[in-house]
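The exercises below concern strand pairing and helix packing. Work through each one on the displayed model before reading its solution.

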Amino acid sequence: MDNLFHVLDQISPLSIESKRAFAAITKTRQLPKGYTLLHAGAVCNHLFFIQQGLTRTFYVKDGKDVTDWISFENTFAVSTISFIMRVPDRRGIELLEDSTIVEIPYYELEQLYPKHRDIETLGRLWSNFGIVQLQNRFDDLHFASATERYKKFIDRNPTALQRVQLGIIASFLGITQETLSRIRAQI
């Protein structure tokens, strides 16, 4: 939980009382590689904090598996649309490694907002942070070259090449595995 609160405090500090209330609604689980945190077509009822391990958020389009997001330690995994709007989403979330996950349930979190102003502020700022991340991802896919996207990904996630299959990295970057191989050979 210390890692979670360290990350949350960077977004918006919480009081000791709020941290206790927040911790009381969470559940920490150790799960194996390949475990599905969220099945495609389901409603996302949890925000997942990756304490240790690695996840990917993905969907299937025209029979092709597409990685939408990769979450490393001390970050969150969630189907944003589903979690906020309470609707099923086409995305699934799976573990790429044995992982320790902290589950933050939607309904219990919502009940904390009116009781703890700092948790409510955290929720708003976390949503803003998520929107900025999504806009950055959108901009990268539309305005950065494949090489620039690769370099940025590796700079942000230096252990990625040892931990994530190249096909998943290529999919996340919006390129073919062959293009990824060419980029890696040039660098």
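**Exercise 1.** State how many bridges join S1 to strand S8 and how the two strands run.

Solution. The coordinates are a predicted model, in which local features need pLDDT of at least 70, side-chain atom pairs count only at pLDDT 80 or more, and totals for chains, interfaces and linings use all residues. Residues are numbered from 1 along each chain as its sequence is written, and side-chain values use heavy atoms, with hydrogens and water left out.

Step 1. Helices (H or I, at least four residues) and strands (E, at least two) are DSSP runs numbered from the N terminus; two strands pair if DSSP finds at least two bridges between them.
Step 2. S1 and S8 (residues 99-105) are joined by 5 bridges and run antiparallel.
Step 3. As a check on the register, Gln30 has Thr100 in S8 as its bridge partner.

**Exercise 2.** Give the strand order of the open sheet that contains S1, and find its edge strands.

Solution. Step 1. S3 and S8 run antiparallel and are joined by 6 bridges; Ile50 has Ile101 in S8 as its bridge partner.
Step 2. Between S3 and S6 there are 3 bridges, again with antiparallel strands, and Phe48 stands opposite Ala77 in S6.
Step 3. The result is an open sheet of 4 strands in the order S1-S8-S3-S6, with antiparallel pairing.
Step 4. Strand S1 (27-31) and strand S6 (75-77) are the edge strands, each pairing on one side only.
Step 5. From one strand to the next, the twist averages 35°. Angles run from 0 to 180 degrees between N-to-C directions, and axes are lines fitted to C-alpha atoms, for helices over the stretch in contact.

**Exercise 3.** Which strands does helix H1 touch, and how does H1 pack with helix H2?

Solution. Step 1. Helix H1 (residues 2-11) packs on the sheet and touches strand S3 (46-52), S6 and S8, where contact means heavy atoms within 4.5 Å. The direction of H1 makes about 115° with that of S3.
Step 2. H1 and helix H2 (residues 16-25) pack at an angle of about 125°, with axes 12 Å apart.
Step 3. H1 is therefore oblique to H2; angles under 35 degrees count as roughly parallel, over 145 as roughly antiparallel, 65 to 115 as roughly perpendicular and the rest as oblique.
Step 4. Leu4, Phe5, Leu8 and Asp9 in H1 meet Lys19, Phe22 and Ala23 in H2.

**Exercise 4.** At what angle do the axes of helices H6 and H8 cross, and which residues make the contact?

Solution. Step 1. The axes of H6 (residues 146-156) and H8 (residues 166-173) come within 10 Å and cross at roughly 120°.
Step 2. That makes H6 oblique to H8.
Step 3. H6 contributes Arg149, Tyr150 and Phe153 to the contact, and H8 contributes Ile169, Phe172 and Leu173.

**Exercise 5.** Which strands stand at the edges of the sheet that contains S7 and S4?

Solution. Step 1. The strand order in this open sheet of 4 strands is S2-S7-S4-S5, with antiparallel pairing.
Step 2. Strand S2 (36-38) and strand S5 (64-71) stand at the edges with a single partner strand each, so one side of each has no neighbour in the sheet.
Step 3. Strand S4 (residues 55-61) and strand S7 (residues 92-95) pair in the antiparallel sense over 4 bridges, and Thr57 stands opposite Ile93 in S7.
Step 4. H8 packs on this sheet, touching S4 and S5, and its direction makes about 85° with that of S5.
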